[in-house]
Amino acid sequence: MAYLIWQKYIDSKLNRSYSSLIMSIKDLLNQQKNMIELANKKIESQQASLVKVLDDVRQKNTVLTELIKSVKIKTFENDTKEKIIQMFNKQLSIEEISNQLNIPKGEVELIVKLYQGG
């Protein structure tokens, strides 16, 4: 009989220990869940910030690309004009300049006239 009472006492103690352990595990899981939710919110916030930064970078890249194109075109135009003038100063004819640079004669004539001042 004493053994049965002792066994019930031990079982009761074990059940309380198990219950306490289960409650502790539940609390830890809830804390982890809350930490994960907080981390996810921070990640979402950072992602939103990064999207804004990426959009800004894309816009600036577009502007820079257009600027570079414009500079290249201007440089090409200036180089072409300089070549025409140099060739004209070397006594090449409008037709020769046109053929060598593969530019229409009218364009060569216009640049030469502008260079000569009228």
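What percentage of the 118 residues of the protein count as buried? The figure is 8%. The structure is a predicted model, and its mean pLDDT is 88, with 97% of residues reaching 70 or more. The protein consists of three helices and has zero strands.

**Fold and confidence**
- Read along the sequence, the elements follow the pattern α-α-α.
- Helix H1 covers residues 2-89 and helix H3 covers residues 105-116, while helix H2 covers residues 94-101.
- Mean pLDDT among the elements is lowest in H1, at 87, and highest in H2, at 93.

**Overall dimensions and surface**
- The C-alpha trace spans about 130 × 25 × 15 Å along its principal axes.
- The radius of gyration of the protein is 42 Å, whereas a compact globule of 118 residues would have one near 13 Å.
- About 10,400 Å² of the protein is exposed, and 59% of that area is supplied by carbon and sulfur atoms.

**Largest nonpolar core**
- Eight residues make up the largest nonpolar core: Ile-84, Met-87, Leu-92, Ile-97, Ile-103, Val-108, Ile-111 and Val-112.
- Two elements, helix H1 and helix H3, give two or more residues to this core.
- H3 is the element that gives the most, with three residues.
- Leu-92, one of the core residues, is in contact with Met-87, Ile-97 and Gln-100 when neighbours within four places in sequence are left aside.
- Of these partners of Leu-92, Met-87 and Ile-97 are also listed in the core.

**Ser-98 and its surroundings**
- Ser-98 is found in helix H2.
- The relative accessible area of Ser-98 is 9%, and the residue is classed as buried because this value is under the 20% cut-off.
- A polar atom of the Ser-98 side chain lies 3.5 Å from the backbone nitrogen of Lys-105.
- Not counting residues up to four places away in sequence, Ser-98 touches Ile-103, Pro-104, Lys-105 and Val-108.
- Among these partners of Ser-98, Ile-103 and Val-108 are members of the largest nonpolar core.
- Lys-105 and Val-108 fall within the residue range of helix H3, 105-116, and both are touched by Ser-98 of helix H2.

Terms used
Residues are numbered from 1 along each chain as its sequence is written. This is a predicted model: local features need pLDDT of at least 70, side-chain atom pairs count only at pLDDT 80 or more; totals for chains, interfaces and linings use all residues. Side-chain values use heavy atoms; hydrogens and water are left out. Helices (H or I, at least four residues) and strands (E, at least two) are DSSP runs, numbered from the N terminus. Buried means under 20% relative accessible area, exposed over 50%, partly exposed in between (1.4 Å probe, protein chains only). A polar contact is a pair of N or O atoms within 3.5 Å; within protein, one must be able to donate a hydrogen and the other to accept it, and residues adjacent in sequence count only if both atoms are side-chain atoms. Contact means heavy atoms within 4.5 Å. A nonpolar core is a set of buried Ala, Val, Leu, Ile, Met, Phe, Trp, Tyr and Cys residues joined through side-chain atoms within 4.5 Å. pLDDT is the predictor's confidence in each residue, from 0 to 100. The radius of gyration is taken over C-alpha atoms; the globule rule is 2.2 Å times the number of residues to the power 0.38. Accessible areas come from the Shrake-Rupley method with a 1.4 Å probe; for residues, only the protein chains shown count as cover.
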